[in-house]
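Here is a short report on the empty spaces, the packed cores and the unusual backbone of one protein model. Look at the structure first, then read on.

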Amino acid sequence: MGSPTLDTASSLVPQSPALRIDEESLRRYLSAAVSGFPGGPLEVFQFSHGQSNPTYLVKAAGGAAYVLRKKPPGRVLPSAHAVEREYRVLAALQATAVPVPRVVCLCEDTAVLGTPFYVMEHVKGSIFADPSLPGVAPRERAAVYEAMARTLAALHSVPPAQVGLEGYGKAGGYNRRQVWRWGQQYRQSVVQGEPMPEMLQLHAWLAAHIPAGDADPSGTRISHGDFRLDNLVIDSQDPSRVLAVLDWELSTLGDPLADLAYNCLPYHLPSGIPTLVSLPRPLPPGIPDEQSYIRMYCTARGLPYPLQADWPFYLALSIFRLAAILAGVGARAAQGNASSRIAAQVGADSVVRSLARKALHITGLPPTAAASRRERRRAQLATAAAAAGSSGATSGLGPSPRVRPILRRLRRFMEEHVYPAEPTLNAHAASDQRWTIHPVQERLKEEAKRQGLWNLWLPADMAAALRPLLQEASASEEEQRLLLGAGLTNLEYAHCAEEMGRSVWAPECFNCSAPDTGNMEVLARYGSRPQQRAWLLPLLRGEVRSCFAMTEPAVASSDATNITASIQRQADGSYVLRGRKWWASGASDPRCAVAIFMGKTDPQAPTHAQQSMVLVPMNTPGITVVRPLPVFGFDDAPHGHAELLFDSVQVPAGAMILGEGRGFEIAQGRLGPGRLHHCMRLIGMGERALALLVQRSQSRVAFRQPLHRHQAVRLDIARSRMELDAARLVVLQAAHALDLVGNKAARGEIAAAKALAPSAVLAILDRAIQVHGAAGVSDVTPLAHMFAGARTLRLADGPDIVHLETIAKLELAGARRARL
């Protein structure tokens with residue numbers, strides 16, 4: 001194959017001073033961490049071509065060669081330059097038919113080279129930078145393209161759960177999230193003037209044409225995100241063999257056809273744009289046309305051809321993504337902070353417009369010459385409608401058609417079963433038998449199961465990942481449907497949680513109460529299969545309850561790095577736990593069977609790698625429930641909030657969740673959807689408080705007229721309605737953002753909900769108590785108990801100041817970006 005190509009050992013340059021690595025430190029680390037690593041000095045060279053993560057060729061004694069990729073120095077976005085994710089996907093694919101380099105090690109200790117890095121074996125071969133393959137014989141061109149199609153098909157044939165990547169991204173909804181994400185990115189790049197009419201028109205079309213099956217998690221596969229010819233290492237002697245797929249930085253879980261469409265972009269891109277490669281017309285001999293290439297892919301995957309899919313959508317989305325990226329490059333060039341000297345040329349408006357018009361041509365739409373304010377608003381509404389989901393959800397944040405019948409059934413259940421049971425359950429909670437379970441509570445749970453109102457909190461992607469667990473447990477189809485919930489989005493579940501929040505007894509009836517939902521989420525996302533069989537299954541069935549033991553009386557536990565409890569590994573691999581915990585909600589419940597215990601396994605590790613989490617059966621010797629802790633005098637029996645003592649509690653090695661040092665990571669993951677459930681329920685609590693306020697104002701007379709005739713009371717009612725509706729919108733927006741972009745990107749919206757909802761509902765409760773007079777602070781109404789619970793959430797969901805700091809940091813960062 002005598003063509004102008006890049007060899008995988010070419011384009012090497014001496015290390016730049018800013019990116020130079022400590023070769024002796026690297027040699028010591030590899031000698032200790034890699035079995036059989038050859039001794040002697042290392043030769044380290046830097047690759048010159050375009051990786052965002054600095055990449056090096058490391059030559060060791062005896063001719064051994066490795067490639068090292070590391071995060072760049074300095075501050076980077078939390079989700080950017082994630083070499084840990086690259087290592088994870090490469091390690092997972094080692095035993096599959098997907099050709100990837102053999103990974104050697106991952107080092108997250110920044111003391112070695114300053115930033116995390118991983119090492120893989122160097123793969124010798126050829127890389128073709130030009131998809132037209134100049135100088136390559138036609139037969140060899142055909143072989144290269146067929147090999148590329150087979151390789152992509154092999155990747156998309158690997159079920160993520162089969163290789164332990166079920167948590168690598170969100171299952172289902174990929175295209176909806178992509179349309180939203182790149183639309184947001186494009187709008188943020190427009191710092192001067194108006195958005196381009198062609199880009200708005202294209203975005204609106206994409207938002208209105210999300211594929212019908214987008215929300216179905218069963219079609220989710222591992223997506224490379226940047227699959228193209230110049231990211232493949234081809235055998236220099238046999239062009240029909242791909243030796244390795246490189247550059248997995250953008251990989252995630254997604255729609256395989258979006259990956260395929262991106263791979264096919266050279267068939268459609270305009271020529272003459274710097275850095276963008278396209279195929280000439282006519283095609284060079286040997287290179288298949290697009291449909292022939294797609295047929296190769298379908299044959300390799302065992303799919304029918306032609307594709308039963310909206311191919312123009314996938315192509316238009318890939319081009320829109322590319323145009324949005326280039327618009328950002330152009331914006332940075334206009335502001336004078338682009339890193340490339342040709343950034344202004346690459347990201348010019350003419351380039352972005354030509355790409356948008358090409359995509360519009362693919363969709364069959366004529367490009368508009370201009371877009372009025374009304375048309376731009378229509379495009380935004382179409383985007384919101386598509387972002388609400390492919391199940392026919394309403395535009396905005398209202399209940400979708402799918403969740404409306406569930407809401408009706410839920411309201412009827414509350415009216416017919418929960419509210420009538422409250423006096424019985426309240427009386428039991430105040431009796432000397434309050435730490436036992438009243439039969440009414442269990443009957444309510446059985447009735448909710450019978451009506452299919454069970455585990456409504458469980459999202460569709462998690463349900464899909466858990467189905468094999470239930471099948472292994474020989475669960476019937478009927479039980480699987482019950483335990484895996486209705487597959488609601490966070491936004492849809494928010495409306496359900498509001499209904500449940502109207503009664504303190506309701507969430508448990510539907511197996512949607514804290515801390516069980518958060519603990520089930522931890523087990524589902526991070527637990528091993530044995531852990532899931534032992535604890536997740538009975539929790540999903542509502543047979544047992546659980547607690548979460550993190551907070552400690554001796555330290556400010558809102559900063560999880562302060563935790564002092566210890567988890568010490570023993571010679572036999574088991575662990576011994578020591579520490580005092582409190583506010584372990586649910587620990588006093590006689591059905592509480594397991595605790596998730598957070599402590600430090602290595603106090604000398606980096607700050608956020610010291611903590612671990614283990615599963616501890618509550619009947620393990622050494623656990624003492626010291627006392628129940630009252631909240632403003634309410635002990636919340638039989639659930640309760642307990643102080644616990646762990647005195648040399650021994651658990652087996654299999655009790656460790658995810659691995660040592662992963663506790664902070666798990667805690668952050670647990671802070672997403674599960675912790676937003678409290679805010680969702682608070683809105684329902686606020687609605688009930690406001691209803692009680694209105695009823696009281698209409699039924700009581702003071703100073704010769706009904707209370708509602710007094711202006712002060714009417715103003716309290718008006719303020720309460722406004723504040724509650726505002727809080728609801730903030731909570732629904734946070735739930736919506738969770739669906740679209742996940743925990744990390746939605747952290748601002750989540751923080752706003754957690755700061756606003758408790759404060760707003762507390763103000764409404766205070767007004768309702770005031771209108772009720774002495775009855776409001778007694779047990780005659782639920783208001784005092786509600787007030788205690790709402791006030792607690794300003795601590796239990798994180799102190800207000802932490803949430804406000806998060807919001808402020810994001811706002812300040814946005815202001816800085818706007819000035820650049």
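Which helices each supply at least two residues of the lining of the largest cavity? They are helix H5 (174-189), helix H7 (256-263) and helix H9 (311-335). The model is predicted.

**Cavities**

A search of the whole structure finds 6 cavities of 30 Å³ or more. The largest has a volume of about 100 Å³. Its lining consists of Tyr 174, Gln 178, Trp 182, Ser 223, Gly 225, Ala 258, Asp 259, Tyr 262, Tyr 314, Leu 317, Ser 318 and Arg 321. H9 provides the largest share, 4 residues. By class, this lining has 6 nonpolar, 4 polar and 2 charged residues.

The second largest cavity has a volume of about 50 Å³. Around this second cavity stand Leu 425, His 428, Ile 437, His 438, Gln 441, Trp 505, Arg 591 and Pro 638.

**A pocket**

Open space can be examined too. The second largest pocket holds about 530 Å³ of space. It is lined by 21 residues, and the closest to its centre are Asn 426, Phe 634, Asp 779, Thr 781 and His 785. Two helices, H13 (404-429) and H25 (783-796), give two or more residues to this lining. H13 gives the most, with 3 residues.

The table sets out the linings by class.

| Space | Volume | Nonpolar | Polar | Charged |
|---|---|---|---|---|
| Largest cavity | about 100 Å³ | 6 residues | 4 residues | 2 residues |
| Second largest cavity | about 50 Å³ | 4 residues | 3 residues | 1 residue |
| Second largest pocket | about 530 Å³ | 9 residues | 6 residues | 6 residues |

**Nonpolar cores**

In soluble globular proteins, nonpolar side chains tend to be buried together. Here the largest nonpolar core has 121 residues, and Tyr 493 and Phe 510 touch the most other members. Helix H24 (residues 747-772) gives the most to this core, with 11 residues.

What does Phe 510 touch, not counting residues up to four places away in sequence? The contacts are Leu 410, Phe 413, Met 414, Ala 448, Leu 453, Trp 454, Asn 455 and Met 500.

A second, separate core has 89 residues. Val 98, Leu 152, Tyr 297 and Phe 313 are among them.

**Unusual backbone**

Most residues other than glycine have a negative phi, and most peptide bonds are trans. Some places in this model depart from that pattern.

Take the peptide bonds. The bond from Tyr 305 to Pro 306 is cis, with omega near 5°. Pro 306 lies in the loop between helix H8 (290-301) and H9. Another cis bond joins Ala 514 and Pro 515, where omega is about 0°. Pro 515 sits in the loop between helix H18 (506-509) and helix H19 (516-526).

Now phi. Asp 247 is not a glycine, yet its phi is positive, about 55°. This residue is in the loop between strand E11 (242-245) and strand E12 (252-254). Phe 632 is not a glycine either, and its phi is positive at about 50°. Its place is the loop between strand E18 (623-628) and strand E19 (641-651).

Is Phe 632 buried or exposed? Phe 632 counts as exposed because its relative accessible area is 59%, and the cut-off for exposed is over 50%. Asp 247, at 24% relative accessibility, counts as partly exposed.

Terms used:
Residues numbered from 1 in each chain as written. Predicted model: local features only at pLDDT ≥ 70, side-chain atom pairs only at ≥ 80, totals over all residues. Heavy atoms only, no water. 1 Å grid on protein atoms, 1.4 Å probe; cavity = no way out; pocket = protein on both sides within 12 Å on 5 of 7 lines; lining within 4 Å. Points joined across faces, edges and corners; volume = space filled by probe spheres on them. Nonpolar A, V, L, I, M, F, W, Y, C, P; charged D, E, K, R; others polar. Core = buried A, V, L, I, M, F, W, Y, C linked by side-chain atoms within 4.5 Å. Buried < 20%, exposed > 50% of the residue type's maximum accessible area, 1.4 Å probe, protein only. Contact = heavy atoms within 4.5 Å.
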